[in-house]
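Reader: I'm new to looking at protein models, and I'd love a close look at a single loop residue. Please start there and then show me what else there is to see around the structure.

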Amino acid sequence: MDQARSTISKIFNGEPHSYTRFNLTQNMEGDNSQVEMKLSSEIDEETGGNGVGGHLNHNSNRTPYVAQKFGRTPKNLCFMAATIFLIFIIGYLIGYLVHRNKDLAPTCAPSALRYEDVSVAHETGAAPLMDWDDVKNLLAQKLTTSSMDAVLGQLTSSNHRAGSPGDEDLGNKVITKFKEYGMKTWTDEHFVKVQDPPASGYNRIVFKNGSEERPTGFLSYSASGTARGAVLYAHYGQEDDLRQLKDMNIDMNNRVMLVRAGRISFAEKVANAAKVNASAVLIYPDPADYLIGESTPLFGHVHMGSGDPYTPGFPSFNHTQFPPVQSSGLPNISAQTITTGMGMNILRQLGGRTQPDGWEGINRLGDESDVITVEVNNVLTEKRINNVFGVIKGFVDADRYVVIGAQRDACGPGFAASSVGTSVLVELARSISDMVENDGFKPRRSIVFASWSAGEYGSVGATEWLEGYLSSLSMKAFTYINLDGIVTGQNGFKVAASPLLHSLVQNALKEVNYDKDTSLLSQFGKNNWESAILEPLRMDSAAYPFLAFSGIPSVAFRFHSGSSDYPYFGTILDTRENLNSVTASQVPQLAVRAGQFAGHIALRLVHDHLLQMDLKKYNQLIRSHVVQINARVKAVQRMQPQLLPKALTVRWLIMASGSYGRASSALAADIQNSDLEDIEMCRVINDRIMTVERNFLSPYVSPRDGPFRHILLGSGPHTLKALTNHLDSLTTANPDADAELFCNQFAQATWTIQTCANSLAGDIWSLDNEI
């Protein structure tokens with residue numbers, strides 16, 4: 001060994017070799033990098049002869065050591081061979097140990113091994129991934145028509161209005177199911193204020209000198225009192241409908257608007273009427289849209305928001321004490337539903353001008369002599385409601401979760417409105433729990449199953465939960481999947497979702513079958529799936545407050561029968577028999593497909609190491625709004641130059657849009673170039689993705705004044721759409737337009753986009769400071 005060490009010493013202490021130094025300078029403007037290469041002799045010259053090793057030679061006169069030439073004798077050759085063999089053995093052992101440690105380390109990438117084969121990985125906190133094809137096939141096996149049909153029978157109720165004994169009994173059935181599946185369960189209690197029809201007394205209408213009518217339907221949160229004015233037929237009460245009436249120079253001040261149900265929510269109809277100073281609104285189901293008979297009453301609400309409108313922005317817990325306050329979304333005019341027979345009776349007697357072209361029917365608009373009296377006496381009551389929850393905990397990021405929710409209550413039987421969604425919720429909980437318990441599926445993240453109450457009053461239960469835990473949910477919940485009204489027909493399929501989820505929705509459409517040989521995508525969206533299947537998220541959907549109030553990417557979907565809405569929503573005719581009539585008795589089969597679609601999205605989000613969210617979709621939406629705003633600003637500066645400051649420019653908004661585009665592209669590049677076997681890196685990237693939706697909520701708007709603060713998908717003057725409309729008003733010098741207000745909102749929207757881009761970029765040193 002002494003001879004071997006001597007030989008190795010002679011080999012490595014031979015004549016010194018020159019070495020190179022690399023100096024890489026990255027040009028931040030994108031030019032080619034420069035590479036500087038220098039030999040050690042050059043470095044010595046630059047440092048005055050004291051190069052590497054030179055600083056160790058304190059005696060400058062010392063002669064450098066030069067190794068003697070190594071003789072190639074048989075003995076020396078044997079020593080060299082032994083040395084090389086020894087080095088090889090040592091290198092092999094080091095490589096083996098490194099590779100073994102790497103195998104034992106927690107992994108974020110998919111593993112081909114089953115969970116039971118890798119017990120060590122579980123001990124370190126990593127959950128070995130089941131192959132995705134196995135996951136989706138398991139879900140398809142678990143969700144069956146027979147099991148769905150059985151649950152539909154168990155959870156169907158004829159009387160489960162929010163806060164009633166029937167609602168509480170149904171909630172107990174749901175939580176009992178969750179416990180049977182081995183899930184951790186809990187309830188969330190709220191005390192909320194809602195409007196119900198008068199317990200003693202009635203609402204009434206009197207048209208001209210006719211007899212008094214007492215409708216049994218009602219609209220919760222209507223202003224109480226008596227209104228009197230001339231009837232004005234306003235089609236569906238949409239903004240375009242009222243604009244057409246305005247273009248005809250029809251005075252809408254103090255008129256009682258008669259509008260058809262459908263196309264937009266009751267709340268939007270009333271809000272539009274209030275903007276033109278109408279005195280009241282009557283809503284009727286036209287027989288062209290609703291074949292429900294002449295005497296069937298309609299139920300609904302007219303709060304232009306969600307949740308308890310008497311605690312806006314705050315949770316309605318029993319122990320909270322807030323001063324009296326009301327949501328800005330409460331109407332200041334009376335609103336009442338009337339039956340088809342009442343509506344048609346009024347229409348037949350209207351005089352005045354003929355309706356605009358394109359409006360269905362041959363109705364007159366009404367004149368000043370068509371006077372009607374509307375009296376609303378709804379009663380404000382407090383109700384105790386319970387939301388019910390169950391959770392399947394994740395095995396890596398248990399504190400990150402997707403929420404799947406369904407409304408439990410209804411004003412009548414509510415079979416399509418709530419029973420089907422609640423049944424699918426329970427069946428998904430059973431199926432996924434069984435996959436975890438018996439099939440070795442280990443979700444990385446958690447799945448929360450939520451059964452909401454008071455959905456009929458405007459997603460009250462869901463919104464109160466959001467308000468109560470907003471600070472936690474905005475950092476933890478990364479997606480909400482809504483199961484309300486998912487089966488209302490069989491001839492079409494619609495999806496409303498955050499742009500972040502569009503790619504995930506498309507993949508689900510491809511992989512979930514409509515029948516044995518056809519996918520949902522092939523059946524309903526062959527040519528252009530986005531135009532055929534995607535639709536805007538409606539304000540009366542429970543997914544809307546999750547997205548526009550809380551900044552959580554959300555998705556809602558439904559099987560439907562065509563262009564018209566399901567005619568039995570909000571009536572006592574929403575029964576299993578009537579839903580069977582519009583689905584050819586395929587309710588359990590359609591419910592299973594709906595469950596597979598929702599389950600596919602949820603499981604993909606908890607299975608993959610990175611969240612499948614498409615950041616570039618928002619880039620396209622932002623750019624579209626910026627183009628429109630830029631064109632309209634130029635139009636105002638050309639047509640009404642005195643209204644806007646000369647210094648106003650769209651340049652900053654364009655640059656903020658560019659910042660978001662670059663940040664989203666940079667994150668995509670980071671994902672592409674990252675080591676996805678690093679669990680912590682996966683978590684950091686996912687957290688950056690989760691900030692996107694939340695950062696589109698305007699920080700300059702109070703939840704009381706504008707609860708839906710999302711600048712792209714929300715509602716209110718802070719949105720980019722509202723900025724475009726404001727510019728249109730400035731172009732025509734509309735007296736309602738306010739140039740100073742526009743400039744303020746324009747600056748706030750610009751900085752909101754830039755803030756989102758900064759957050760998306762990640763660390764502070766990665767920010768794009770070009771703006």
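**A closer look at A454**

Author: A454 is found in the loop between β15 (445-452) and α12 (460-468). Keep in mind that this is a predicted model. The backbone at A454 has a phi near 60°, a positive value in a residue other than glycine. Is A454 buried or exposed? A454 is buried, because its relative accessible area is 1%, and buried means under 20%.

For contrast, try K208, which also has a positive phi, about 50°, although it is not a glycine. K208 sits in the loop between β4 (204-207) and β5 (212-213). K208 counts as partly exposed, because its relative accessibility is 34%.

Now let's turn to the empty space inside. Rolling a probe the size of a water molecule over the atoms shows where empty space is left. Across the whole structure, a search finds seven cavities of 30 Å³ or more. The largest cavity holds about 1000 Å³ of space. Its lining has 45 residues, and those nearest the centre are E456, R538, D540, S541 and F569. At least two lining residues come from each of α9 (266-275), β10 (299-301) and β18 (554-560). Sorted by class, this lining has 18 nonpolar, 19 polar and eight charged residues.

The second largest cavity has about 90 Å³ of space. It is lined by 14 residues, with S306, P312, G313, E467 and P707 closest to its centre. Its lining splits into six nonpolar, six polar and two charged residues.

Next come the charged pairs. Side chains of opposite charge can pair when their charged atoms come close. The whole structure has 34 salt bridges. In one of them, the side chains of D196 and K383 meet at 3.0 Å, N to O. D196 belongs to strand β3 (residues 184-196) and K383 to strand β13 (residues 379-392), so this pair ties together parts that are 187 residues apart in sequence. Both partners are buried: D196 has a relative accessible area of 11%, and K383 has one of 14%.

Another salt bridge joins E360 and R263, whose closest N and O atoms are 3.0 Å apart. E360 is in the loop between α10 (340-348) and β12 (371-376), while R263 is in the loop between β8 (256-260) and α9, so the pair links distant parts of the chain, 97 residues apart. Here E360 is partly exposed at 32% relative accessibility, and R263 is partly exposed with a relative accessible area of 45%.

A further pair is R683 and D399, which meet at 2.6 Å, N to O. R683 is in helix α22 (residues 679-695) and D399 in strand β14 (residues 397-407), two distant parts of the chain that lie 284 residues apart. This bridge has company, as salt bridges with shared partners join D397, D399, R400, K476, R683 and D687 into one network. Within that network, D399 is partly exposed, with a relative accessible area of 27%.

Let's finish on the surface. F85, F88 and I89 form a nonpolar patch there, with about 330 Å² of accessible area together. F88 has its place in helix α3 (residues 74-104), and F88 is exposed because its relative accessible area is 56%. Set that beside A454, where you began: A454 is buried, with a value of 1%.

Note on methods. Residues numbered from 1 in each chain as written. Predicted model: local features only at pLDDT ≥ 70, side-chain atom pairs only at ≥ 80, totals over all residues. Heavy atoms only, no water. 1 Å grid on protein atoms, 1.4 Å probe; cavity = no way out; pocket = protein on both sides within 12 Å on 5 of 7 lines; lining within 4 Å. Points joined across faces, edges and corners; volume = space filled by probe spheres on them. Helix = DSSP H or I, 4+ residues; strand = E, 2+ residues; numbered from the N terminus. Nonpolar A, V, L, I, M, F, W, Y, C, P; charged D, E, K, R; others polar. Patch = residues over 30% accessible without salt bridge, like charges linked within 9 Å, V, L, I, M, F, W, Y side chains within 5 Å. Areas by Shrake-Rupley, 256 points an atom, 1.4 Å probe, with all protein chains shown as cover. Salt bridge = Lys/Arg side-chain N within 4 Å of Asp/Glu carboxyl O. Buried < 20%, exposed > 50% of the residue type's maximum accessible area, 1.4 Å probe, protein only.
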